[in-house]
Every structure is written in structure tokens, then in C-alpha cells.
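Please examine the sequence and the three-dimensional structure shown below. The explanation after them is intended to be read with both in view.

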Amino acid sequence: MREYLANLLESDGNLTTQAVVLRLIAAAVIAAFIFISYWLSHDGSIYSKKFNVSLVAMTLITTTVMIVIGNNIALSLGMVGALSIVRFRTAIKDSRDTIYIFWTVVVGICCGSGDYTVAAIGSAFIFIILLLFGRIKNDNRMLLIIRTARVNEEKIEAVIFQYYARKANLRVKNTTEDSVEFIYELSRRVMEKYKKDGQSITDAVYSVGNIEYFNLVAQNDEISS
């Protein structure tokens, strides 16, 4: 029984130097496609060159780990135990970044175990899908922030209703004894489409009088680093 357990824990996958280099080269080639895909599908302030380079490094690191582990159960259990104590606190700026992280891990596992066909075909499909749909963004949302005297409360509500009806959602309404603040949310398309008698919403609001401020704030998927 003791000899059986010893044989089970021993590594039976001795790779040559050429095989190790080949797996790392395959991982590097696919990592280059991941780099290009991330660069093409992200633009503006949401693109992070450091994160993109990290994806390439993560692919090679995962491949190296898989080469070391091989079929050795003892090493695999030790690696799981070592990684379980690592806590990652890097903020994900875009939900698509999670996809790229899993993509690099899967490619590293496939290349590290020698499954180049699976890594190549799977990466090709993912590359095409992200290239086609990677630039899709949510319709930018606009916030209308209006602060005025309380005597104008009903007038402001009437103006907003005349312009946007129920398409402007009242999110916040702050009141004091002398003033009231409204925060409406609507899409940029709706805000630019609807005008009354050629007058903009800004002119209509200020025509009420006693307006302390009227701010337009754009909300989108991009988060500046």
C-alpha cells in the first residue's frame, strides 16, 4: 500500500526542453491574439495598457504552472494550497475584463497540458465574438440636476413632463425649507430628440426663474483610472 501511494504521488510526465519551449511559444502566440483582442474591443479611458500586458504574462505564468504540475498529484495539491492564500484586490473596471482573465487562464491550462488544438480553436471563436460585440456599449445615460426655490417645485415638474413625459425618471428629490433639488435620469437619445417649439430644455428650465443651477451629467460604462 505504501509503495502504491508513493508511485501515485510521483511525477510520470518528464518533458524535454524542446517540449517546454514549444508549449510556452504556443501560449505566447495565443496571448498575442488576446492582447490584440483587448486592444480592439476597448477604447477611451477604459483601456488599460498595463492590464493588457498583464493578460499576456498571466497566460505564460499559467502555462508554466501547468507544465510544472503535469500529472503530479502532490504538486497540484500544493499549488492549490499556495494559491488559496493569495487574495486579489485589483478592481475590475469593465465586466469584460473578467472574460479576458478566464480566457488567459484557460489558454494557459490548454497549452501547459499540450492541448494546442483546443486552445487555438477556442481562442479563435472567442476572438471573433469579442471583435464583433466588444465595442457594444450601453446607451449613455444623462442626469438632469436642477436646484431652485421651493415655490418653483411644481413648475419644474411640469416643464420636465412637457418635454419628456414619462421617459425622464425622477431618481432623487431633495428639499429644504427654501429650496428643492431634482435629479432626473434619461437616455442621451431621448434628451436630444425631444424639443418643444425649438426651445432646449436648458432655456425652458431657466425661463422659470430663480434657478440656482442646472447641470447635465453623462453616465457611461467608462471608469477613469
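The paragraphs that follow treat a pair of helices, then a group of strands, and lastly two cysteines. The model is a predicted one, and the reader should keep this in mind throughout.

Let us begin with helix α2, which spans residues 17–41, and helix α3, which spans residues 49–69. Their axes come within 9 Å and cross at roughly 155°. An angle over 145 degrees counts as roughly antiparallel, and α2 and α3 are therefore roughly antiparallel to each other. The crossing of these two helices is right-handed. Which residues bring α2 and α3 into contact? On the side of α2, they include V20, L24, A27, A31, F35 and W39. On the side of α3, they include F51, L55, V56, L60, T63 and I67.

We turn next to the strands, with β3 as the point of reference. Strand β3 comprises residues 179–187. It pairs with strand β1, residues 141–149, in the antiparallel sense, and nine bridges link the two. One place to find this pairing is R141, whose bridge partner in β3 is S187. Strand β3 is also joined to strand β2, residues 169–175, through six bridges, and these strands likewise run antiparallel. Here N169 has E185 of β3 as its bridge partner. Three residues lie between β2 and β3, and the two strands form a hairpin.

Is strand β3 enclosed or open to the surroundings? Nine of its nine residues are buried, so the strand is largely enclosed by the rest of the structure. A general principle helps in reading its side chains: in a regular strand, they alternate between the two faces of the sheet. In β3, residues S179, E181, I183, E185 and S187 point one way, while V180, F182, Y184 and L186 point the other way. The residues of both sets are buried.

Finally, consider the cysteines. A disulfide is a covalent bond between the sulfur atoms of two cysteines. How many disulfides does the structure hold? The number is zero. The closest cysteine sulfur to that of C110 belongs to C111 and lies 6.8 Å away, which is too far for a bond; the cut-off for a disulfide is within 2.5 Å. C111 is correspondingly in no disulfide, and its nearest cysteine sulfur is that of C110. Both residues can also be described by their accessibility. C110 is buried, with a relative accessible area of 11%, and C111 counts as buried at 0% relative accessibility.

Methods. Residues numbered from 1 in each chain as written. Predicted model: local features only at pLDDT ≥ 70, side-chain atom pairs only at ≥ 80, totals over all residues. Heavy atoms only, no water. Buried < 20%, exposed > 50% of the residue type's maximum accessible area, 1.4 Å probe, protein only. Helix = DSSP H or I, 4+ residues; strand = E, 2+ residues; numbered from the N terminus. Pairing = 2+ DSSP bridges. Axes fitted to C-alpha atoms, helices over the stretch in contact; angles between N-to-C directions. Parallel < 35°, antiparallel > 145°, perpendicular 65-115°, else oblique. Left-handed = near helix turned anticlockwise from the far one by under 90°. Contact = heavy atoms within 4.5 Å.
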